[in-house]
Amino acid sequence: MFPDEVVQRCETIRGHYPTPKAAMVPVLQVVQGHKGWLDPESQVWVADFLGVTPMEVHEVVTFYPMLYATPMGKHVIHVCRTLSCDFCGAKELWAHLTGKLGVQRNGTTADGRFTLRAAECLASCGTAPAMLLDGERHEDLDLAKVDELLGAVS
Amino acid sequence: MTLKHSKVLSARFDKENSQALAGYREDGGYETFLSVIKQKQPDEVIDIVKRSGLHGRGGAGFSTGTKWSFVPKQTDKPIYLCVNGDESEPGTFKDRQVLEFDPHQLLEGVGITCFAVRAKVCYVYLRVEFAKGIRAVQHAIDEAYAAGLFGQDIDGSGFSLDVHLHTGAGAYICGEETSLLNSIEGARPYPRNKPPFPAVEGLWGCPTVINNVETIANVPHILKHGAEWHAGLGHPEDPGSRLWCVSGHVAKPGWFELETGYPLQELIDGPCGGIRGGKQLKAIIPGGSSSKVLLPDEVRKVTMDTPGIRALGSSLGSAGIIVLDEDTDMVDACLNLMKFYAHESCGQCTPCREGTPWIVKILQRFMDGEGKASDLDLLLDLAENIEGRTVCALADGAMWPLTSIVIKFRHEFEAKIAANQPVGVA
């Protein structure tokens with residue numbers, strides 16, 4: 001179902017623990033990195049790979065915000081909404097992005113390029129406002145900087 | 001007591017390529033680890049850390065050496081160390097500096113700690129949002145293995161250690177130590193009831209020590225310079241050098257390494273350049289968002305140490321200081337934080353799962369011009385029925401900012417009620 005390279009990475013991770021189940025989150029992240037999201041078939045594959053039930057996988061997938069149980073756009077944006085960011089530019093950043101992309105929270109652009117999500121504190125409070133773009137952190141943002149970042153991945 | 005800027009944890013942060021093993025060893029790195037595992041007994045190390053006065057830097061502030069001493073001396077089970085790098089407490093961004101700029105300092109601490117508590121395996125738990133820190137730590141682990149600093153029979157000492165990086169997936173609750181254990185085990189990460197404490201029954205039912213990143217990063221320095229050296233830094237009852245994080249409405253936000261005992265007002269006025277735009281201070285949340293808010297009068301007299309902050313009924317927590325200026329709408333600030341806790345409640349305990357969204361709804365009513373006088377009592381009543389009635393401390397941590405804001409800034413809520421347009425009036 002997955003290329004050898006992906007399976008090998010999962011096997012290496014599984015070897016770090018006395019029980020295969022402990023590899024759950026890191027293995028799901030490898031699969032998500034390959035597939036973009038954790039579709040039901042992938043969840044069943046992970047269950048077989050770890051020797052657990054599909055429900056055990058599903059209850060982990062549905063718990064964590066950074067595991068995607070629904071399809072995402074090609075690029076995923078997480079804007080920090082917690083206090084220090086909120087008071088230091090995140091409100092303006094959020095308004096700019098919803099306007100520019102034409103989506104609301106958790107929305108994906110019609111062309112499938114961007115999904116816009118809110119994140120809780122990204123530990124960038126001293127360099128607010130902050131966001132993740134495809135998992136990489138960007139800080140001290142202003143609207144021009146955000147436009148540049150999105151332009152660079154388009 | 002002398003008050004000073006210190007450079008212990010951050011001493012190497014500015015160096016070029018500070019993450020690399022070569023530079024770390026040129027600066028004497030891992031010498032302490034290698035001498036400890038060859039020349040000391042585990043209990044000697046625990047005793048030194050106990051006497052150093054080091055307290056945990058994750059939020060709860062428990063004595064580190066005492067925590068280590070709870071691990072059973074005689075056990076047939078494997079012993080584990082977990083490093084808590086799930087740093088998610090609003091206002092806190094200190095651990096990521098260690099991870100990104102000096103990961104070997106952390107890993108040397110991991111080595112010494114594992115030796116002290118007789119652990120043979122360590123999991124370094126990092127939140128997945130720390131992509132840069134994850135790369136730095138994984139590279140450092142690989143370098144340490146390649147140099148024979150981790151693995152079997154390290155430098156002929158007979159001591160063996162495996163270190164693995166484990167990633168979280170975006171849940172604040174996993175910073176709670178027993179939730180972190182369930183997260184590593186691959187279960188839904190609900191916190192566990194205590195007792196049994198993790199030192200007795202942790203990962204897979206085995207003795208486990210869980211320490212914060214900054215706590216572990218202190219360990220090599222204490223073993224190198226001695227317990228007395230550390231005990232002499234800052235406030236005698238809560239000694240040490242800490243990475244203070246200041247954010248919000250200050251001219252120069254950022255992290256600052258200072259010994260404990262530093263006057264909070266001096267930190268704001270000095271290194272932080274005062275309140276942004278020449279405004280007046282309205283309030284400070286001193287120890288990450290899960291601490292009680294302080295008023296300007298309190299800020300003026302408090303020193304940054306556990307006895308000083310406790311005397312005002314608040315806590316030092318994770319040392320994440322959020323500064324709010326005179327223009328801040330405290331109801332809005334409170335709502336922002338309560339949305340955080342409502343989102344991050346794991347859902348295991350009813351008071352927290354149902355109570356935190358209810359509080360969000362009530363606060364939203366105030367913001368929408370529909371708040372009522374009875375809502376203020378309802379908020380405090382809810383808080384009383386949530387705090388202390390859940391498995392973990394997330395709900396307690398949510399109620400401390402809530403109740404302190406409602407009590408200390410009641411007039412702001414009342415002003416919103418007074419400004420409400422009566423229904424039916426044009």
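**Domains, strand β2 and the second largest pocket**

The C-alpha centres of domain 1 and domain 2 of chain A are 28 Å apart. In the domain assignment, domain 1 of chain A covers residues 4-63 and domain 2 covers residues 75-153. The model is predicted.

Strand β1 of chain A, residues 75-80, pairs with β2(A) in the parallel sense, and the pairing comprises 6 bridges. Between β1(A) and β2(A) the chain passes through helix α5 of chain A, residues 83-101, in a right-handed β-α-β crossover. Within the strand pair, Val76(A) is opposite Thr115(A) of β2(A). Strand β2 of chain A spans residues 114-119, and 6 of its 6 residues are buried, so the strand is largely enclosed by the rest of the structure. The burial applies to both faces: one side carries Phe114(A), Leu116(A) and Ala118(A), and the other carries Thr115(A), Arg117(A) and Ala119(A).

The second largest pocket holds about 1,000 Å³ of space. Its lining consists of 31 residues, of which Arg9(A), Gln29(A), Val128(B), Ile134(B) and Thr167(B) are the closest to the centre. Elements of chain A that give two or more residues to this lining are α1 (4-14), α2 (24-35) and β1; those of chain B are α7 (131-146) and β3 (162-167). The largest share, 5 residues, is provided by α2(A). By residue class, the lining of the second largest pocket contains 13 nonpolar, 12 polar and 6 charged residues.

Several backbone features were also identified. Most peptide bonds are trans, and most residues other than glycine have a negative phi. A cis peptide bond links Ala128(A) to Pro129(A), with omega near -5°. Pro129(A) is located in the loop between β2 and β3 (131-133) of chain A. In chain B, the bond between Lys194(B) and Pro195(B) is cis, with omega about 0°. Pro195(B) is part of the loop between α8 (177-185) and β4 (208-212) of chain B.

Positive phi values occur at Ala123(A), where the angle is near 60°, and at Tyr30(B), where it is about 70°; neither Ala123(A) nor Tyr30(B) is a glycine. Ala123(A) belongs to the loop between β2 and β3 of chain A, whereas Tyr30(B) is in the loop between α1 (21-26) and α2 (31-39) of chain B. Ala123(A) has a relative accessible area of 0% and is therefore buried. Tyr30(B) is likewise buried, with a relative accessible area of 0%.

Terms used. Residues numbered from 1 in each chain as written. Chains lettered and ligands numbered in written order. Predicted model: local features only at pLDDT ≥ 70, side-chain atom pairs only at ≥ 80, totals over all residues. Heavy atoms only, no water. Buried < 20%, exposed > 50% of the residue type's maximum accessible area, 1.4 Å probe, protein only. Helix = DSSP H or I, 4+ residues; strand = E, 2+ residues; numbered from the N terminus. Pairing = 2+ DSSP bridges. Right-handed = clockwise from strand over helix to strand, strands pointing away. 1 Å grid on protein atoms, 1.4 Å probe; cavity = no way out; pocket = protein on both sides within 12 Å on 5 of 7 lines; lining within 4 Å. Points joined across faces, edges and corners; volume = space filled by probe spheres on them. Nonpolar A, V, L, I, M, F, W, Y, C, P; charged D, E, K, R; others polar. Domains from an automatic or database assignment.
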